[in-house]
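Ready for a little practice at reading a protein model? Take your time with the view below, then work through the exercises at your own pace.

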Amino acid sequence: MSKPIETAIALWGDRHLPISIVAEQAKALAASGVVDGVLIADQLVNFIPKQLWTVENTPAAKLLKDPDSHSDAFALAAYLAAVAPQLHIALSTDSVRRGPSEVIQYLLTMANITQGRVCLQIGGGEVKQTQPYGYNRAQGLSRLGDLLKAYRALVDAKGAPIDYEGKFWSFKQATLGGAMNYAPEIWGLGGGPKLLDYVTSYADGIGTTCPPVYGTVAEFAAARAEILGMVKAKGRDVSKFRVGVWFAVMLVEDEQQLERVLQNKLIKWFAGVMGRVTPGDWSKVGLESPVPLDWNYFQH
């Protein structure tokens, strides 16, 4: 039987604010009765250019002197699991900045802390998260393959030592022990043939974005059917493979407020840069791309 639909809202753990502020937000979401969990994104810096971080564009700039003072997502997720234990925890990161054994041990630990209410979503990385800090983003997809293969081998071995020869990582009689009180979940983030091959072979699910990747319900439905078909063709249980969608949402009181905020330079930046992952997709809805056709936010 397929698992039910779950919802999560992203929380921004900015270090300018006391951590108790984030805790109160998590408790409020847990008490709402309409949200299943929270999403914590592993970001070293934000998507927002500092030139746009002004009081004119966002009142938050009065309190937060910059948009880049993120908390460590791994520590924050464990903290929120303690202060609001009924929440599901979704945590997104990349495959470049941490080794497979550490990532898998963390996931197993969080599964134990949350009694299985955790999902780790992993992509190939973004240049803003890697290049300034000495990491090579170009290795992201291969490292994701190594991580997912090692994850599946370790979990399926149930504590028995394994050997694994990957492109960047090799395991020799490696084990993380057999204790697994609750099943973990690791998803891929993104698309493309190679990533989909890795994810449908070894991961527990996949996350994508609408409308940045799939601009219509029909496009998403077709992609979902294709992905689940790949899972089935590999002899895996389709009912256990999960598909998640990231939606960007802007809430307004009325049409007048909507018209006003659409003129905001910060909103224009997000819409133009992240409205479509592939710039050429703007033409599908009759719009000219606001960025060059060979440009995208995660590589440039």
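Three short exercises follow, each with a worked solution, and they concern a predicted model.

**Exercise 1. Work out how compact the chain is for its length.**

Solution. Begin with the make-up of the chain: it has 9 helices and 9 strands. Next, take the radius of gyration, which is 20 Å, and set it beside the 19 Å that the globule rule gives for 300 residues; the two are close, so the chain is as compact as a globular protein of that length. For the outline, the C-alpha atoms fill a box of roughly 60 × 45 × 45 Å along the principal axes. Finally, look inside and out: 42% of the 300 residues count as buried, while the chain exposes about 16200 Å², with 57% of that supplied by carbon and sulfur atoms.

**Exercise 2. Decide whether leucine 17 is buried, partly exposed or exposed, and find its surface partners.**

Solution. First locate the residue: leucine 17 sits in the loop between strand 1 (8-10) and helix 1 (19-32). Its relative accessibility is 31%, and because buried means under 20% and exposed over 50%, leucine 17 counts as partly exposed. Now add the partners: Leu17 joins Ile21 and Leu63 in a nonpolar surface patch, and together they have about 260 Å² of accessible area.

**Exercise 3. List the buried residues of helix 6 and say what covers them.**

Solution. Go along residues 193-202 and pick out the buried ones: Leu195, Leu196, Tyr198, Val199 and Thr200. Then look for their cover, which includes helix 5 (140-157), strand 7 (186-189), strand 8 (205-210) and helix 7 (217-233). As a reminder, an α-helix has 3.6 residues a turn, so residues three or four places apart point the same way.

Note on methods
Residues numbered from 1 in each chain as written. Predicted model: local features only at pLDDT ≥ 70, side-chain atom pairs only at ≥ 80, totals over all residues. Heavy atoms only, no water. Patch = residues over 30% accessible without salt bridge, like charges linked within 9 Å, V, L, I, M, F, W, Y side chains within 5 Å. Areas by Shrake-Rupley, 256 points an atom, 1.4 Å probe, with all protein chains shown as cover. Salt bridge = Lys/Arg side-chain N within 4 Å of Asp/Glu carboxyl O. Helix = DSSP H or I, 4+ residues; strand = E, 2+ residues; numbered from the N terminus. Buried < 20%, exposed > 50% of the residue type's maximum accessible area, 1.4 Å probe, protein only. Rg over C-alpha atoms; globule rule 2.2 N^0.38 Å. Contact = heavy atoms within 4.5 Å.
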